[in-house]
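User: I would like to see how the terms used for a protein model are justified. Please take me through some of them.

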Amino acid sequence: MALILDMLATDVDISDTKSLVARARAGDAAAFGELVAEHEKTLLRTAWRLVRNVEDARDIAQEAFLRLHRHLSALEPDRDPAPWLYRVTVNLGLSALRSRRRRPEAALEGTRGVAEISAGRPEQERLGDAADARRLLASALDRLSGKERAAIVLRDLEGLEMDEVARALGCRRGTVRAHLSRGRLKLRGAIESLGGTP
Amino acid sequence: MSCSRWHRLIALEVGGDLESRHSRRLEDHIEGCAACRDLADELRSQRRDLMRLDRETADGVTLGSVRHAVMADLAERRRPLFPLPVGGMRLVVAGAAMVILVVAAVVLRQGRVPTQPRVAERSIPTSVPAPTTAPAPSPSNTEIAEPSLEVPPPAPLETVDRPPLQLARGDLPARGHEMPPSLSAPTEPMTIKILTDDPEVVIYWIVDPKGEKENA
């Protein structure tokens, strides 16, 4: 439901999306281009929230769309591709996180290309200044497991419903709850240990 | 139940993810447990800060668009291994391909592949040998002339100046003569029946493939 509301908020019509899928399945490249344009913002943002790196996020989103193009023939014509895209994006993001953890030199670049935060001073003081807050958040998220991080990103940051998160992660609702519970508690502990005040 | 187990439920409750059957029991516990109440407040505050900070950060990230890259990648994959030239050369290549296809279709239709041209032009001698026998005397001469004991010398050969006769495709007559398809490649002697005004007189012209002819 949250996904649908989100799509409505971004002026995306489900029926139009299904029509685009049908046309793209028939080989209409322009229709596939419109499909990409409709979902790229959501996918880029989700990928970035998972990996906190602009280049990696762009690679993930691009690969997700290319996989969608290969998957078009198997996709049901009347089915919205958004859940499928979410799942592919999450899987690619988790894979990127695993790869990054095998390469410690690949540091997080969560602050790259980020504009200065102009939030009110009282809120910033709880997490230090803006740059410190971003670094603290990125470091704390990096201490979570991939599934915990993905569950928090999809549920708390993207605002997906529990069923949608379960579908994107490819697991049951109970498993998603476990990831969310552990993730939120670990995030609090990570912020505390990193010097922040949760 | 220990507080650590309540903490897991609190972490779910702050996000609205706790099942309703556990909510009442958790509320009862939090009312009587200051540590769990503090934890719930901290987690709610943390979640609010996380969402706000992340939203502000994500909005500031220049993610751009991947559409161009995706479409370029797809176009690259669709590109043929041997791309056709552009512009006028494309027409030339297409025309050449068309000619090759037409020739191949004709050859396949005939069921044979021409290794060398079987249609050769050749000229035949311009002088046609005259008959070796003397021409038959006319009836009027036989009646008037006296019979001679000597055999008259053969008449000199007549030469006729004619342009070389061009034969084509299996000794067909000269160009310009339309022959029925069945006669285009004669293998048997050909008989031409010529009717005259006199129904009693019919001329048969027999032509064999070697060019010999007989009048009957």
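Analyst: The following turns deal with a predicted model, starting with one helix and ending with the contact between two chains.

User: How do you know that the span of helix α10 of chain A agrees with its number of residues?

Analyst: Helix α10 of chain A has 21 residues, 173-193, and at 1.5 Å a residue these should span 30 Å. The end C-alpha atoms are 30 Å apart, so the two values agree.

User: Which residues of α10(A) are buried, and what covers them?

Analyst: Among the buried ones are A:V176, A:L180, A:L187 and A:I191, as well as A:R177, A:R184 and A:R188. Buried stands for under 20% relative accessible area. The cover includes α7, α8 and α9 of chain A, together with α1 and α3 of chain B.

User: What makes the pair A:R52 and B:D54 a salt bridge?

Analyst: The rule asks for a side-chain nitrogen of Lys or Arg within 4 Å of a carboxyl oxygen of Asp or Glu. The side chains of A:R52 and B:D54 meet at 2.3 Å, N to O. That distance is within the cut-off, so the pair counts as a salt bridge. Across the interface of chain A and chain B the rule finds seven salt bridges.

User: Which element gives the largest share of the side of chain A that touches chain B?

Analyst: That is α3(A), with twelve residues. The residues on this side divide into 27 nonpolar, six polar and 15 charged.

User: How many residues does the contact take from each chain?

Analyst: Chain A gives 48 residues and chain B gives 40 residues. The area buried between them is about 3,900 Å², with 62% from carbon and sulfur atoms.

Notes:
Residues are numbered from 1 along each chain as its sequence is written. Chains are lettered from A and ligands numbered from 1 in the order in which they are written. This is a predicted model: local features need pLDDT of at least 70, side-chain atom pairs count only at pLDDT 80 or more; totals for chains, interfaces and linings use all residues. Side-chain values use heavy atoms; hydrogens and water are left out. Helices (H or I, at least four residues) and strands (E, at least two) are DSSP runs, numbered from the N terminus. The expected span of a helix is 1.5 Å times one less than its number of residues. Buried means under 20% relative accessible area, exposed over 50%, partly exposed in between (1.4 Å probe, protein chains only). Contact means heavy atoms within 4.5 Å. Buried area is the accessible area (1.4 Å probe) that two parts lose on being put together, summed over both. Ala, Val, Leu, Ile, Met, Phe, Trp, Tyr, Cys and Pro count as nonpolar, Asp, Glu, Lys and Arg as charged, and the others, Gly among them, as polar.
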